[in-house]
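Student: Could you take me through one part of this model in detail, and then show me how that part sits in the rest of the chain?

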Amino acid sequence: LQLSGIISSLGLGLVVYSPSFYLPIPLAVIGFAICGCGISIVAPLVISSSGNKIKSMDSNEAIAWVSSLSYIGILLGPPFIGGMTVVVGGLRYSLLLDACLLFLISV
């Protein structure tokens, strides 16, 4: 889980800094691919660990509860990123803040 946080934050960092390089679009695509490879393992790990770690409820109930909460993240994620874009002054800075938040997974 810690390695996935580092990989995904480095991928999103590449996306943020890709306009500074000679070929920005291919680097941004590669950065998003790296970020996707890093973040793709987080959901299965969280769901499997919820079935093992939450002792106050049955493992089936814990997995259902965590899966239901993930839908809230799917629905609220895009408006949150859009709102951060307005607050911090651009999509580039918003994605940089997201990369910092992804790095917190590794801590």
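Tutor: Happy to; we begin with the whole chain, then look closely at helix 1 and what surrounds it.

Please keep in mind that this is a predicted model. The protein has 107 residues, and 26% of them count as buried. Its secondary structure consists of five helices and zero strands, so that, by the DSSP runs used to define these elements, the order from the N terminus reads α-α-α-α-α. The C-alpha trace spans about 55 × 25 × 20 Å along its principal axes. About 7100 Å² of the protein is exposed, and carbon and sulfur atoms supply 76% of that area. Contacts between residues 24 or more positions apart make up 54% of those with a separation of 6 or more.

Now to helix 1, which covers residues 2–17. Does its length fit the number of residues, or what span should we expect? With 16 residues at 1.5 Å a residue, the helix should span 22 Å, and its end C-alpha atoms are 23 Å apart, which agrees. The buried residues of helix 1 are Ser4, Gly5, Ser8, Ser9, Gly11, Leu12, Gly13, Val15 and Val16. Their packing partners are helix 2 (24–39), helix 3 (42–53) and helix 5.

Let's start near the beginning of this helix, with Ser4. Ser4 belongs to helix 1 and has a relative accessible area of 6%, so this serine is buried. Its side chain reaches the backbone oxygen of Leu1 at 2.7 Å. Beyond residues up to four places away in sequence, Ser4 touches Gly38, Ile41, Val42 and Ile105.

Further along helix 1 comes Leu12, another of its buried residues. Setting aside neighbours within four places in sequence, Leu12 is in contact with Gly31, Phe32, Cys35, Leu95, Asp98, Ala99 and Leu102. Several of these names return in the largest nonpolar core, whose seven residues are Leu12, Val15, Val16, Cys35, Leu95, Ala99 and Leu102. Helix 1 and helix 5 each supply at least two residues of this core.

The other end of the chain also comes back to helix 1. Ser106 lies in the segment after helix 5 (91–103). Is Ser106 buried or exposed? Its relative accessible area is 13%, so Ser106 is buried. Leaving out residues up to four places away in sequence, Ser106 touches Gln2, Gly5 and Ile6. Ser106 and Ser8 are 98 residues apart along the chain, yet their C-alpha atoms are separated by 10.0 Å. The side chain of Ser106 also reaches a backbone oxygen, that of Phe103, at 2.6 Å.

Since Cys35 is part of the core, the cysteines deserve a look too. How many disulfides does the model contain? The count comes to zero. A disulfide would need two cysteine sulfur atoms within 2.5 Å. For Cys37, the closest cysteine sulfur is in Cys35, and the 9.3 Å between them is too far for a bond. For Cys100, the closest cysteine sulfur is again in Cys35, at 13 Å, so a bond is ruled out here as well. The two cysteines also have their own surroundings to consider: Cys37 counts as exposed at 58% relative accessibility, while Cys100 is partly exposed, with a relative accessible area of 46%.

To round off the picture, here are two residues elsewhere in the chain. Ser56 sits in the loop between helix 3 and helix 4 (59–88). At 71% relative accessibility, Ser56 counts as exposed, in contrast to Ser4, which is buried at 6%. Ser56 is 15 residues from Tyr71 in sequence, and their C-alpha atoms are 22 Å apart in space.

Thr85 is found in helix 4. A polar atom of the Thr85 side chain lies 2.8 Å from the backbone oxygen of Ile81. Apart from neighbours within four places in sequence, Thr85 is in contact with Gly90, Leu91 and Ser94.

Back at helix 1, then, the pieces can be read together. Its buried residues pack against helix 2, helix 3 and helix 5, Leu12, Val15 and Val16 are among the members of the largest nonpolar core, and Ser106 from the segment after helix 5 touches Gln2, Gly5 and Ile6.

Definitions and conventions. Residues are numbered from 1 along each chain as its sequence is written. This is a predicted model: local features need pLDDT of at least 70, side-chain atom pairs count only at pLDDT 80 or more; totals for chains, interfaces and linings use all residues. Side-chain values use heavy atoms; hydrogens and water are left out. Buried means under 20% relative accessible area, exposed over 50%, partly exposed in between (1.4 Å probe, protein chains only). Helices (H or I, at least four residues) and strands (E, at least two) are DSSP runs, numbered from the N terminus. Contact means heavy atoms within 4.5 Å. Accessible areas come from the Shrake-Rupley method with a 1.4 Å probe; for residues, only the protein chains shown count as cover. A polar contact is a pair of N or O atoms within 3.5 Å; within protein, one must be able to donate a hydrogen and the other to accept it, and residues adjacent in sequence count only if both atoms are side-chain atoms. The expected span of a helix is 1.5 Å times one less than its number of residues. A nonpolar core is a set of buried Ala, Val, Leu, Ile, Met, Phe, Trp, Tyr and Cys residues joined through side-chain atoms within 4.5 Å.
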